[in-house]
Amino acid sequence: MQIGKQIQIHRQRLGLTQDNLAEKLFVTRQTISNWENDRHYPDIENLLLLSQLFQLSLDELVKGDVVEMKHVVDTRKSNRDAKLMLGLMLAALLAIGPSLFLPRYWALVPTAILWDWPLSQLCAWKLLSKKRMYTPTKKS
């Protein structure tokens with residue numbers, strides 16, 4: 001939760017208008033409005049005064065609702081995990097996919113799974129060994 005939202009929630013909880021809060025902090029109503037709309041942020045002196053006025057710790061005022069923040073972090077983590085899993089599935093499909101359409105390389109799939117080798121290395125090794133690129137030639 002953003003600090004502007006926190007200020008607004010706690011101001012309303014105390015039944016204060018923006019004008020009333022501005023008078024207590026010796027700032028203008030526009031300053032309170034800017035804080036609540038996250039256009040500007042209060043300086044450290046005003047944060048301390050706000051925390052005393054709202055009877056909150058500075059930590060609670062700045063961090064906001066810990067339960068909501070934990071939910072946001074957990075949601076982001078699960079989204080990241082889902083993206084990672086999708087990436088791994090795509091990588092596996094790209095590695096195995098070509099061999100599924102080329103019957104002469106089907107034998108590589110179980111071998112790669114059993115030996116835990118990347119399929120791309122096995123396919124490259126198979127292709128290189130067929131072309132005999134590194135076979136020395138005899139000179140006459």
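This is a short walk through the helices of one protein chain, with a few stops at single residues.

Hi everyone, thanks for coming. Before anything else, please keep in mind that we are looking at a predicted model.

Let me start with the overview. The protein chain has eight helices and zero strands, so to speak a run of α-α-α-α-α-α-α-α when you read from the N terminus. There are 140 residues in the protein chain, and 24% of them count as buried. The accessible surface comes to about 11000 Å², with 62% of that belonging to carbon and sulfur atoms. As for contacts, take those between residues at least 6 apart in sequence: 41% of them join residues at least 24 apart.

Now please turn to helix α3, residues 29–36. Which residues of α3 are buried? They are Ile32, Ser33, Asn34, Trp35 and Glu36. And what do the buried residues of α3 pack against? The answer is α1, α2 and α4. Let's take these neighbours in turn.

We begin with α1, which covers residues 3–13. A search of the whole structure turns up one salt bridge, and here it is: the side chains of Arg11 and Glu36 meet at 2.5 Å, N to O. Arg11 sits in α1 and Glu36 in α3, so the pair, 25 residues apart, links distant parts of the chain. Are the two partners buried or exposed? Both Arg11 and Glu36 are buried.

Staying in α1, have a look at Gly4. Gly4 has 0% relative accessibility and therefore counts as buried. Leaving aside residues up to four places away in sequence, Gly4 touches Trp35, Glu36 and Asp38. So Glu36 appears again, as a contact of Gly4 and as the salt-bridge partner of Arg11. Gly4 also has Tyr41 across from it in space: their C-alpha atoms are separated by 7.7 Å, although the two residues are 37 apart along the chain.

Next comes α2, residues 18–25. Two packed helices are described by the angle between their axes and the distance between the axes. For α2 and α3, the angle is about 110° and the axes are 8 Å apart. Why do we call this pair roughly perpendicular? Because angles from 65 to 115 degrees fall in that class, and α2 and α3 are therefore roughly perpendicular to each other. On the α2 side, the residues that meet α3 are Gln18, Asp19, Leu21, Ala22 and Leu25. On the α3 side, their counterparts are Arg29, Ile32, Ser33, Trp35 and Glu36.

One of those α2 residues is Asp19, and Asp19 is partly exposed because its relative accessibility is 42%. Asp19 and Gln30 are eleven residues apart in sequence, and their C-alpha atoms are 8.8 Å apart in space.

The third neighbour is α4, residues 44–54. Here I'd like to show you Asn46, which is in α4. With 11% relative accessibility, Asn46 counts as buried because the cut-off is under 20%. Not counting residues up to four places away in sequence, Asn46 touches Leu25, Val27 and Trp35. Trp35 is a name to remember, since Gly4 touches Trp35 as well.

Let's move to the loops for a moment. Most residues other than glycine have a negative phi. Here are two residues with a positive one. Phe26, in the loop between α2 and α3, has a phi near 60°. Asp38, in the loop between α3 and α4, has a positive phi of about 60° although it is not a glycine. How do the two compare with the surface? Phe26 is exposed because its relative accessible area is 75%, whereas Asp38, at 22%, counts as partly exposed. Asp38 is also one of the residues that Gly4 touches.

Last stop, the outside. Ile44, Leu48, Leu58 and Val62 form a nonpolar patch on the surface, and together they have about 320 Å² of accessible area. Which elements give two or more residues to the patch? These are α4 and α5, the latter covering residues 58–63. Within α5, Val62 has a relative accessible area of 41%, which means that Val62 is partly exposed.

That's my tour. Happy to take your questions.

Note on methods:
Residues are numbered from 1 along each chain as its sequence is written. This is a predicted model: local features need pLDDT of at least 70, side-chain atom pairs count only at pLDDT 80 or more; totals for chains, interfaces and linings use all residues. Side-chain values use heavy atoms; hydrogens and water are left out. Helices (H or I, at least four residues) and strands (E, at least two) are DSSP runs, numbered from the N terminus. Buried means under 20% relative accessible area, exposed over 50%, partly exposed in between (1.4 Å probe, protein chains only). Patches are made of residues with over 30% relative accessible area and no salt bridge: like charges are joined within 9 Å, nonpolar side chains (Val, Leu, Ile, Met, Phe, Trp, Tyr) within 5 Å. Accessible areas come from the Shrake-Rupley method with a 1.4 Å probe; for residues, only the protein chains shown count as cover. A salt bridge is a side-chain nitrogen of Lys or Arg within 4 Å of a carboxyl oxygen of Asp or Glu. Axes are lines fitted to C-alpha atoms, for helices over the stretch in contact, and angles run from 0 to 180 degrees between N-to-C directions. Angles under 35 degrees count as roughly parallel, over 145 as roughly antiparallel, 65 to 115 as roughly perpendicular and the rest as oblique. Contact means heavy atoms within 4.5 Å.
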